[in-house]
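Subject: Structure for you to look at

Hello,

Here is the structure I promised to pass on. My notes on what turned up in it follow below.

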Amino acid sequence: MATWPSLSRRGFLQVSLGVAGIGLLNACAPAAPATRPEETKPAETKPAEAAKPAEAAKPAAPAAAGKPGEQKLGSQLVGKWEGGEILQEATRPAKLGEAPMLAELVKAGKLPPVEQRIPMEPMVIKPLESIGKFGGTWRRAFTGPADGENGNRIVSLDKPVFWDFQGAKQRPSVARSWEITDGGRTITFFLRKGHKWSDGEPFNADDVMFWYQDIYQNKDLVPVPTSELSINGKPGTLERVDETTIRFKFPDPYPGFMDLIGGSTFIGSSQNQGDSFRGPVAPAHYLKQFLPKYADPGKLDQMAKDANFDNWVSHFKFKINWRLNIDLPVLGPWKTSSPINTPAWVLDRNPFFYAVDTEGNQLPYLDRVQMTLAENLEVLNLRAIAGEYDEQERHIDLGKLPIFLDSQQKGNYTVHLDPAANGSDSTWQLNQGFSADLEIAKWLRNKDFRHAMALGIDREQLNETFWLGVGTPGSVAPDETSPYSPGPEWRKKWAVLDVNQANQLLDKIGLTKKDSEGYRLRADNGQRLRIELVGVEGAFVPFPKIGEMITQHLKKIGVQIDVVVNERSLYTRRLEGNEVQTALWANDGSELLYAFPDHAIPVRTGSPMGPEIGKWYQSGGTAGMKPEDPQILKALDLFKAGFGQEDAERIKTAQEIWKIAIEETWSIGTVGLSPAVMGVRIVKNNLGNIPSRDFNGQHGRTPCAALPVTWYFKS
């Protein structure tokens with residue numbers, strides 16, 4: 001492809017696609033189709049622009065939008081839904097195959113035969129296109145020890161249940177099947193007979209019970225129980241039925257439990273996020289030696305000190321971390337052989353992985369995943385442009401899309417766009433539990449102040465500058481095709497530029513005094529009111545730069561925004577310590593509200609709009625901070641009630657939660673419904689079984705819904 005030096009990035013992209021309407025890309029962005037109940041219009045308390053449902057329903061289009069007939073051309077980079085299939089009722093094939101490297105180990109007597117390594121009831125996967133070839137290393141990038149999700153998402157078939165390629169239907173994974181009985185009070189999971197850990201030891205119900213009794217119920221490890229194992233405030237229990245059967249029992253019907261155990265949640269995370277002691281599996285035979293219940297406490301403390309840890313708890317947290325501890329047995333397809341705190345994070349195939357293809361070949365096809373450390377995102381993207389990675393969707397910069405398109409042939413790769421259904425890729429989260437500065441806390445908890453901030457942002461400029469016009473400006477509302485969407489008119493509510501109304505709201509609440517530069521003054525000491533906005537460095541979209549542009553926008557309403565750049569692990573520590581006033585982060589995952597609510601309402605310590613409120617909610621009121629805002633309490637009560645409701649009612653409850661969240665504006669949406677977060681996918685042309693479109697969502701653990709275990713090199 002020729003270069004176009006005389007064109008802007010936007011113009012280049014339009015020429016590359018052969019259309020003027022690149023902004024229509026997002027018209028092809030829905031998540032799994034779903035029927036949405038009749039929409040309810042919000043109260044007429046919003047800006048005039050937001051009161052027009054017809055305009056709110058239109059896709060955001062750039063000034064040079066193409067004709068309606070060109071819309072199909074505009075979706076060239078967004079493929080059709082397709083993917084491999086986890087078969088529900090398949091039996092173990094009569095003939096089994098294995099990778100040559102494993103066959104050599106069997107021949108040398110270092111591994112048992114493949115027939116003894118694969119469960120009697122394996123997961124059987126039908127590949128997307130064809131049976132693959134064994135061998136090869138999948139080259140990709142990571143950004144350092146804080147980038148653990150980069151690998152977590154690749155090995156997520158270690159969960160009890162997983163999802164289909166559209167993220168719409170749950171499929172069996174570690175559990176071969178499940179049943180819900182007693183009116184939704186009892187959920188029974190049936191594990192696979194003959195399943196083994198990566199070291200060859202049996203995996204069974206005892207490992208689930210070990211997690212429940214010795215990790216989750218250990219107050220030194222999990223001081224506050226998760227609300228996910230309670231319904232209506234009443235705790236449930238987990239019990240062993242037999243070697244391959246476990247049973248969750250609750251006092252009240254819990255129809256929403258499957259959303260949780262299939263989501264990126266405390267109970268649904270499995271080993272890939274187990275360093276936070278999430279469940280529900282852990283290798284008992286290995287981890288018992290590091291717990292006081294099974295070992296001498298004095299020896300444990302000495303063992304911890306010898307390994308440079310303060311105590312047995314911090315040592316245990318290291319031992320249960322699959323990304324750091326190369327000795328930890330795992331259930332996933334690849335196992336860490338060189339840890340994440342090194343320049344090359346390497347995962348080697350698990351010789352006891354429990355999945356096969358339809359011809360009986362043990363998966364994965366690829367021998368190894370090697371992630372090379374990139375000093376920063378600029379370096380990562382330059383390497384991707386040069387064709388140094390085989391598949392990479394994480395950290396690929398949408399802003400460099402024209403360059404990626406121009407370099408496809410030279411780099412021998414293809415660019416795919418996978419739009420997500422979450423409402424805002426850069427969401428301004430306002431901490432409703434912040435308490436370190438009472439004056440700042442007062443304004444963050446003032447709805448008129450939040451509305452003024454939201455109305456002061458020029459989302460169209462953000463979209464053009466950082467999203468190349470392919471995003472949709474608006475609130476935090478999920479895509480209209482999500483069953484939880486509150487309706488198209490909520491996309492614009494408190495999410496349009498209205499400087500006059502913003503100034504009126506700030507004057508109304510008493511912020512009338514200004515300094516010589518026009519900035520509003522604090523009510524307590526007369527100094528300039530300054531709001532800290534944390535922009536996480538090295539993340540999916542350029543949060544610090546977006547924050548700087550927002551700073552310029554809000555100057556027009558006299559509010560000083562100070563952008564503070566944090567590395568991700570530092571931001572996480574500050575957030576959990578309730579030190580963050582406001583921050584920019586994506587609200588990814590919120591489109592399936594019950595499976596990942598963290599970015600929508602404050603339900604956990606990691607919820608940026610109120611970590612202390614999340615702690616209060618999780619603990620049942622025994623820790624953290626009870627919210628002052630009755631609307632937060634209402635949203636949390638609705639969320640809690642939703643899990644006990646049947647599907648239709650639970651959907652309506654979620655829609656009501658979204659209406660409250662958007663009206664109250666604890667989170668300010670900017671631009672979303674785009675491929676900006678993990679949706680720009682670079683794939684080498686010799687990689688097989690790659691879908692045209694990958695599900696881009698938190699619960700599908702992008703890219704795991706595309707079943708990387710079936711990918712292979714054609715040559």
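The largest pocket in this predicted model has a volume of about 1,900 Å³. Its lining is made up of 48 residues, and Ser276, Arg278, Thr572, Glu576 and Thr605 are the closest to the pocket centre. By class, the lining of the largest pocket has 19 nonpolar, 15 polar and 14 charged residues. Four helices each contribute at least two residues to this lining: H6 (149–152), H11 (312–319), H20 (568–576) and H21 (611–618). Of the elements involved, H20 gives the most, with 7 residues.

The second largest pocket has a volume of about 780 Å³. It is lined by 34 residues, and those nearest its centre are Leu377, Glu378, Gly538, Ala539 and Pro542. The elements that give two or more residues to this lining are helix H12 (377–385), helix H17 (459–466), strand E20 (530–537) and helix H19 (543–555). H19 gives the most here, with 4 residues. The lining of the second largest pocket divides into 16 nonpolar, 8 polar and 10 charged residues.

There are also enclosed spaces. The structure holds 8 cavities of 30 Å³ or more, and the largest cavity has a volume of about 60 Å³. The residues that line the largest cavity are Arg153, Ala420, Asn422, Asp588, Gly589, Glu591, Val677, Met678, Asn696, Gly697, Gln698 and Thr702. By class, 3 of them are nonpolar, 6 polar and 3 charged.

Next, the packing. The largest nonpolar core has 109 residues. Within this core, the residues with the most contacts are Leu157, Phe189, Ile215, Phe248, Phe257, Leu287 and Phe316. Helix H7 (residues 205–216) supplies the largest share of the core, 8 residues. If you want one side chain to start from, try Phe316: leaving aside residues up to four places away in sequence, Phe316 touches Ile215, Leu221, Phe277, Leu287, Phe290 and Leu291. Apart from the largest core lies another, of 72 residues, and Tyr413, Val415, Leu505 and Val680 are among its members.

Phe248 comes up again in a strand pair. Strand E10 (residues 237–242) and strand E11 (residues 245–249) run antiparallel and are joined by 5 bridges. Within that pair, Phe248 of E11 is the bridge partner of Leu238. A hairpin through 2 residues connects E10 to E11. Phe248 is thus found both in this pairing and among the residues with the most contacts inside the largest nonpolar core.

Last, the protein as a whole. It has 23 helices and 27 strands. Of its 715 residues, 62% count as buried. Among contacts between residues at least 6 apart in sequence, 71% join residues at least 24 apart.

To find your way around on screen, you could begin with Ser276 and Arg278, which are among the residues closest to the centre of the largest pocket. From there, go to Leu377 and Glu378, which are among those nearest the centre of the second largest pocket. Phe316, one of the residues with the most contacts inside the largest core, would be a reasonable third stop.

Regards

Methods
Residues are numbered from 1 along each chain as its sequence is written. This is a predicted model: local features need pLDDT of at least 70, side-chain atom pairs count only at pLDDT 80 or more; totals for chains, interfaces and linings use all residues. Side-chain values use heavy atoms; hydrogens and water are left out. Two strands pair if DSSP finds at least two bridges between them. On a 1 Å grid over the protein atoms alone, a cavity is a set of points where a 1.4 Å probe fits but cannot get out, and a pocket is an open set with protein on both sides within 12 Å along at least five of seven lines; lining residues have an atom within 4 Å of a point. Grid points are joined across faces, edges and corners, and a volume is the space filled by probe spheres set on the points. Ala, Val, Leu, Ile, Met, Phe, Trp, Tyr, Cys and Pro count as nonpolar, Asp, Glu, Lys and Arg as charged, and the others, Gly among them, as polar. A nonpolar core is a set of buried Ala, Val, Leu, Ile, Met, Phe, Trp, Tyr and Cys residues joined through side-chain atoms within 4.5 Å. Buried means under 20% relative accessible area, exposed over 50%, partly exposed in between (1.4 Å probe, protein chains only). Contact means heavy atoms within 4.5 Å.
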